[in-house]
Protein chains: 2
Amino acid sequence: MLHGLKAGFSLDAGLETDSEPVMWLGLCELRVMNDRRWPWLILVPQRPGAEEIHDMAPLDQAMLTFETNMVAQALKRVTDCTKINTAALGNIVRQLHVHVIARREDDPAWPGPVWGHGAREPYRAEELRRFAEMVKAAL
Amino acid sequence: MLHGLKAGFSLDAGLETDSEPVMWLGLCELRVMNDRRWPWLILVPQRPGAEEIHDMAPLDQAMLTFETNMVAQALKRVTDCTKINTAALGNIVRQLHVHVIARREDDPAWPGPVWGHGAREPYRAEELRRFAEMVKAAL
């Protein structure tokens, strides 16, 4: 179990339920969405109260970009997907988090967005662990 | 009418049809999606062939972050929205472009994503021009 390293930061309960920790990056915790329909990673900057990217300090914005793009590149390598989808929405979970999702032309929502599409399908534990290990190895 | 300043760059036909030019930033052309249901801006980096953010040069990635966040902040000021949605999807239009959308709890798709939601509702010309001017003034 990973712990919040930054004083005052605690993970949103919805993110805690729907995703599992992978590793710490410099600014963000990297998590995997527990939904086997898509290879789907989430970066959560460890900044208490942050909701909008543009409200973070400029250095944090640069770090977030660096970490997001590093993760996107790794996910592309691991999945050989057609397209990476990157987004910071936050309409439901207000705590700042960035989605990085691998999309394929035969995936269940293609070419539409994944958010709000049907019901989450959790991985088997072993399957999730294996995916997380592949991502870690590619980073 | 604005022109492509970078040799070899031409705007995707779908983006050309669905959105209107606002101004040039350093790296990107800023455009407004011609859909009055949401205040919706699009940044198009003037890099021929670019499809994924992580495939751009590191300096371009940093510039894109800077311009995106500047635009997001301006759009928030102009609209006083509940939440900014920022995304690079590209499942349909493959040319790299970043969406910056102002969301409100009473908007037609809230809290779901806007992409693929119903049919685009074009502005009246004067209404679009006024919105573009407000964004420009806030930048």
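**How chain A meets chain B**

Modeller: Chain A and chain B bury about 2,600 Å² between them, 51% of it on carbon and sulfur atoms, where buried area is the accessible area (1.4 Å probe) that two parts lose on being put together, summed over both. In chain A, His54(A), Lys83(A) and Asn91(A) lose the most area to chain B, together 26% of what that side buries. This is a predicted model, in which local features need pLDDT of at least 70 and side-chain atom pairs count only at pLDDT 80 or more, while totals for chains, interfaces and linings use all residues. Residues are numbered from 1 along each chain as its sequence is written, and side-chain values use heavy atoms, with hydrogens and water left out.

Biologist: What makes a residue part of the contact, and how many does each chain give?

Modeller: Contact means heavy atoms within 4.5 Å, and by that rule 28 residues come from chain A and 28 residues from chain B.

Biologist: Why is the pair Glu52(A) and Lys83(B) called a salt bridge?

Modeller: The definition asks for a side-chain nitrogen of Lys or Arg within 4 Å of a carboxyl oxygen of Asp or Glu; the closest N and O atoms here are 3.0 Å apart, so the pair qualifies. Across the interface of chain A and chain B the rule finds four salt bridges.

Biologist: How do you know that β4(A) pairs with β4(B)?

Modeller: Strands (E, at least two residues) are DSSP runs, numbered from the N terminus, and two of them pair if DSSP finds at least two bridges between them. Three bridges join β4(A) to β4(B), residues 83-88 of chain B, so the strands count as paired, and they run antiparallel. Ala87(A) stands opposite Ala87(B) in β4(B).

Key
Chains lettered and ligands numbered in written order. Helix = DSSP H or I, 4+ residues; strand = E, 2+ residues; numbered from the N terminus.
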